[in-house]
Amino acid sequence: HILMAAMATPGHVYPLLTIARYLVEQGNDVTLFSGALFREQAEAAGVGFIPFSDDIDFDYRHLEQHFPQRAMLPPGNAQMALALKDFFAAPIPLLDRQLRDALAKTHVDLLIVENCFYGVLPLLFSGQRPPVIVIGVTPLSYSTRDSVFYGPRIPPKLLPPDLSHEQLVDEETRGLMSEVQHTFNHAMVQSGGKPLEQPFMDTLIGRCDRFLQLSTTELEYQRDDLPPSVRFIGPLSHHAAAERVPQWWAPDDKRPLIIVSQGTLANVDLQQLIGPALRALADLPVRVLATTGGRSV
């Protein structure tokens, strides 16, 4: 029996469902713990389902209704910090209770979570737990000496020798990082644990039994101090939908294809990236595919 857990957004749930389908085909019993919006997809894949408590089951399509203050913040680190505090950290105590309740009610041989399901953090410090595999569905968020999670993503080799990544993180961003870490520490104490001794994302990666990153090393900064639990396993196999894809370009069109996306959450204002990208690329000899993450336009 394998229990899986994912934050309730498509980019976090669908990779786990792809893995779940394979595990079910191999004869395993799989249950998904996530938002109620994804019950139908889980059951269609032959997967059992446990919904989040209504108190923390946010509809990703209308986050501005759950977090109205988000619209008053500038895009970038400020909105990211709010999401980390309110969407990811604050629900930890309740997610932890639900997760432990599920483990107590049925025998679980393996727990698989995606890397933003921080409700697993308290359990990682428990001596009595099943093995935990974390699936990396976002860029690898580990703050090694070769990279930082927040701030400018400048490769170390391009930095002057007397300038470090940490020096490029401004005071405002440092303040936001501190607020986020404080929120995670508070959530851990509320869950009956202790404040974290490392950044929250480093703790998750360092304490799980295996961290499987859905990427290749070529798409990441070169790092030589990652925990031994980290493995790069490449992208998941994709099964094309039954419906026909429109023939937007001739089959022999050799122009480079550029895909533009603001992700699964940031589609309220398409002028943050999609609009500027379309204008910037309009006169270049390229093909452009823009996706709005399901939001009606």
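## Exercises on rings, strands and a helix

The structure holds 13 aromatic pairs, where rings of Phe, Tyr and Trp (its six-membered ring) pair if their centres lie within 6.5 Å, with planes under 30 degrees apart counted as stacked, over 60 as edge-to-face and the rest as tilted. This is a predicted model, in which local features need pLDDT of at least 70 and side-chain atom pairs count only at pLDDT 80 or more, while totals for chains, interfaces and linings use all residues. Residues are numbered from 1 along each chain as its sequence is written, and side-chain values use heavy atoms, with hydrogens and water left out.

**Exercise 1. Classify the pair of Phe58 and Phe67, then the pair of Phe58 and Phe87.**

Step 1. A pair of aromatic rings is described by the distance of the centres and the angle of the planes.

Step 2. For Phe58 and Phe67 these are 4.9 Å and 65 degrees, an edge-to-face pair.

Step 3. The rings of Phe58 and Phe87 are tilted, because their planes stand at 35 degrees, with the centres 5.8 Å apart. This pair links distant parts of the chain: Phe58 lies in the loop between S3 and H3, Phe87 in helix H4, 29 residues away. Helices (H or I, at least four residues) and strands (E, at least two) are DSSP runs, numbered from the N terminus.

Step 4. Now check burial, where buried means under 20% relative accessible area, exposed over 50% and partly exposed in between (1.4 Å probe, protein chains only). Phe58 is at 14% and so counts as buried; Phe67 is buried at 10%, and Phe87 is buried at 4%.

Step 5. Widen the view: ring pairs link Phe58, Phe67, Phe87, Phe88, Tyr118, Phe184 and Phe200 into a cluster.

**Exercise 2. Place strand S1 (residues 2-5) in its sheet and say what its two faces look like, buried or exposed.**

Step 1. Find the sheet: it is open, has seven strands in the order S3-S2-S1-S4-S5-S6-S7, and its pairing is parallel; two strands pair if DSSP finds at least two bridges between them. Strand S3 (48-51) and strand S7 (230-232) are the edges, each pairing on one side only.

Step 2. Look to either side of S1. Four bridges connect S1 with strand S2 (residues 30-34) in the parallel sense, and four join S1 to strand S4 (residues 110-114), also parallel.

Step 3. Follow Met4: Leu32 in S2 stands opposite this residue, as does Ile112 in S4.

Step 4. In a regular strand the side chains alternate between the two faces of the sheet. In S1, Ile2 and Met4 are buried on one side, Leu3 and Ala5 on the other, so both faces are covered.

**Exercise 3. How does the span of helix H8 (residues 171-190) compare with the expected one, and what covers its buried residues?**

Step 1. The expected span is 1.5 Å times one less than the number of residues. H8 has 20 residues, and 28 Å is expected.

Step 2. From first C-alpha to last, H8 reaches 29 Å, close to that value.

Step 3. List buried residues of H8: among them are Leu176, Val180, Phe184 and Met188.

Step 4. Their cover includes helix H4 (77-89), helix H5 (92-105), helix H6 (121-124) and helix H9 (200-207), with contact meaning heavy atoms within 4.5 Å.

Step 5. Finish at the end of the helix: H8 is followed by Gly192, which has a positive phi, near 90 degrees.
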